[in-house]
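Please open the structure in your viewer and keep the selection panel at hand, since this tour goes from one selection to the next. Take time to rotate the view at each stop before reading on.

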Amino acid sequence: MPEGKPEEEKALIVFDYIYHALRGKHVLEQAGLKIKEVAPPPEYRTGCDLALELSATEVDAAERILDEKNVLILDILFMPKDTKLVPVYLTKLIKTTDFPDYTMVRCGNMKITYQKGTGIIVNISGGG
Amino acid sequence: MLLLVGTMPIEDMPLTHGPCKYQEDKLTIGDYTLEHDYVTIGTAAMISAASATCQALNIKEPHAVVMGDIGMGEGTLKMFKFLNDEVVNLKPKVLTIHYILPSREQFTKLVETVGAMDEKPFFIADAGALLNAKAIKLSRKFDLFTPDPGELSFLADEDAAHPAYVQHFIFEVDNTEVARLSKEAYEHEDAPQYMLVKSAIDHIVVNGEVVGVVKEPLVPALEAIGGTGDTITGIVSALIYSGIEPADACMKAAQINRFMGELASPTPATAIAKLIKHIPEAVKKVIS
């Protein structure tokens, strides 16, 4: 790992698959590291569309934890100081659409629609 | 012949084949009749839409091969065995495969048999058939896929062998993402010449490039209604069978599906069965 990075510099851990990105977030948070879920810039979109941003000074610790927990990473990138990454909040994957008497809940491409008040599911779409 | 193939989630449904005819709340396939909600279960929604379109165009009714399969795969295998024996004799002009369980040997055999036919049918895949074709690297043996954005995401991931494990997930389905993923899928030969990507904005893709989009009419409730993607596949199958050029057929199918929705004035609770009966009128709106 490069040494002597100024504290304010950020690094980005990128993954091949969403499963590892989600597990990586979990184990790093459990270990007390401060991380942020971000969408990598297009030029770094070699793996999955979710990456973890952390302080460059914590990269060694993060790499060790991920290795111990068998979380496979694709790469670690050190970002130029002023790089602005788009935060990704996993809860944003779940979206709701409000209709007058119904609510449609969408997660990815799956949609479940229920009647307000009763909670009865009236339609399921996108599960093919 | 327009030949439509797929499974139904009905445990005791035998191997069934023959001409099919949709009537309101009733779909007949050979000597088997599906009624009420069963008219739109699994592959039946696609077949009903194709039949309704053929009736509107006054062309020969489709022929279907279906079998019950509740997830064990036995129905899928028996259906493919029958097809492998009979597809050459049936001589389809258009062949559409829809809901199936994963299969390598029998599926590959069918694709090879179809590819060797003197007059190769226009070969369409949706849903399970599309995913299966990509997983075993046979996408280019098909002519048209009709994926939704989730399925497109799987096609675009060259290394993914299962749709639940893909590199990309689409945060926002927009024009940029559909165009990018379509191009990627085509470049590594995981997409056929034509694709109709079904979403809030339908995209028509030829050789990896978006050549058209369909946005209107916009009926928000349609997004909630299960089966509206299946009906597009049935409609486009019938349009191509009628002789319409494939990319044009994709545009028209997307429009017809939207007019079907508009004519039904649905709520998010409306069942797809209540929409299909409007297909003939929707066809007339789009095809004069």
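Begin by selecting strand E6 of chain A, where the number of buried residues is 0 out of 5, so this strand lies largely in the open. Bear in mind, while you look at it, that everything on screen belongs to a predicted model.

Now add the neighbours of E6(A) to your selection, and you will have an open sheet of 4 strands in chain A, ordered E6-E7-E8-E9 and paired in the antiparallel sense. Which strands stand at the edges of this sheet? They are E6 (94-98) and E9 of chain A, and because each has a single partner strand, one side of each is left without a neighbour in the sheet. If you look across the strands, you can follow a twist that averages 20° from one strand to the next.

Walk through this sheet one pair at a time, starting where E6(A) and E7(A) run antiparallel and are joined by 5 bridges. The link between E6(A) and E7(A) is a hairpin of 3 residues, and a useful pair to highlight is A:Asp98 with its bridge partner in E7(A), A:Thr103.

Keep A:Thr103 selected, for this residue also has a bridge partner in E8(A), namely A:Tyr114. The strands concerned, E7 (residues 102-107) and E8 (residues 110-115) of chain A, pair in the antiparallel sense over 6 bridges. From A:Tyr114 you can step onward to A:Ile121, its bridge partner in E9(A), and here E8(A) and E9 (residues 121-125) of chain A are paired antiparallel over 4 bridges. Select next the turn of the hairpin that E8(A) and E9(A) form, which has 5 residues between the strands and includes A:Gly117, with a positive phi of about 90°.

Before leaving chain A, colour the chain by confidence: the average pLDDT is 81, and 76% of the residues score at least 70. Where in chain A is confidence lowest, and where is it highest? The lowest mean, 63, is found in strand E5 (residues 86-87), and the highest, 94, in helix H2 (residues 59-68).

Turn now to chain B and select its open sheet of 11 strands, which has mixed pairing and the order E4-E3-E2-E5-E1-E6-E7-E8-E9-E10-E11. At the edges stand E4 (32-35) and E11 (209-214) of chain B, each with a single partner strand, so that one side of each is left without a neighbour in the sheet.

Within this sheet, pick out E1 (residues 2-8) and E6 (residues 94-97) of chain B, which pair in the parallel sense over 4 bridges, and notice that B:Val5 stands opposite B:Ile97 in E6(B). Then show helix H1 (residues 43-57) of chain B, which packs on the sheet by touching E1, E2 (16-23), E3 (26-29), E4 and E5 (63-68) of chain B, and whose direction makes about 155° with that of E1(B).

For the last stop, select helices H4 (residues 127-135) and H5 (residues 149-156) of chain B, whose axes come within 10 Å and cross at roughly 10°. An angle under 35 degrees counts as roughly parallel, and H4(B) and H5(B) are therefore roughly parallel to each other. Show the side chains of B:Leu130, B:Leu131 and B:Lys134 in H4(B), which meet B:Glu151, B:Phe154 and B:Leu155 in H5(B). Sorted by class, this contact has 4 nonpolar, no polar and 2 charged residues.

How values were computed:
Residues numbered from 1 in each chain as written. Chains lettered and ligands numbered in written order. Predicted model: local features only at pLDDT ≥ 70, side-chain atom pairs only at ≥ 80, totals over all residues. Pairing = 2+ DSSP bridges. Helix = DSSP H or I, 4+ residues; strand = E, 2+ residues; numbered from the N terminus. pLDDT = per-residue confidence, 0-100. Axes fitted to C-alpha atoms, helices over the stretch in contact; angles between N-to-C directions. Contact = placed C-beta atoms within 7 Å. Buried ≥ 20, exposed ≤ 12 C-beta atoms within 10 Å, placed from the backbone. Parallel < 35°, antiparallel > 145°, perpendicular 65-115°, else oblique. Nonpolar A, V, L, I, M, F, W, Y, C, P; charged D, E, K, R; others polar.
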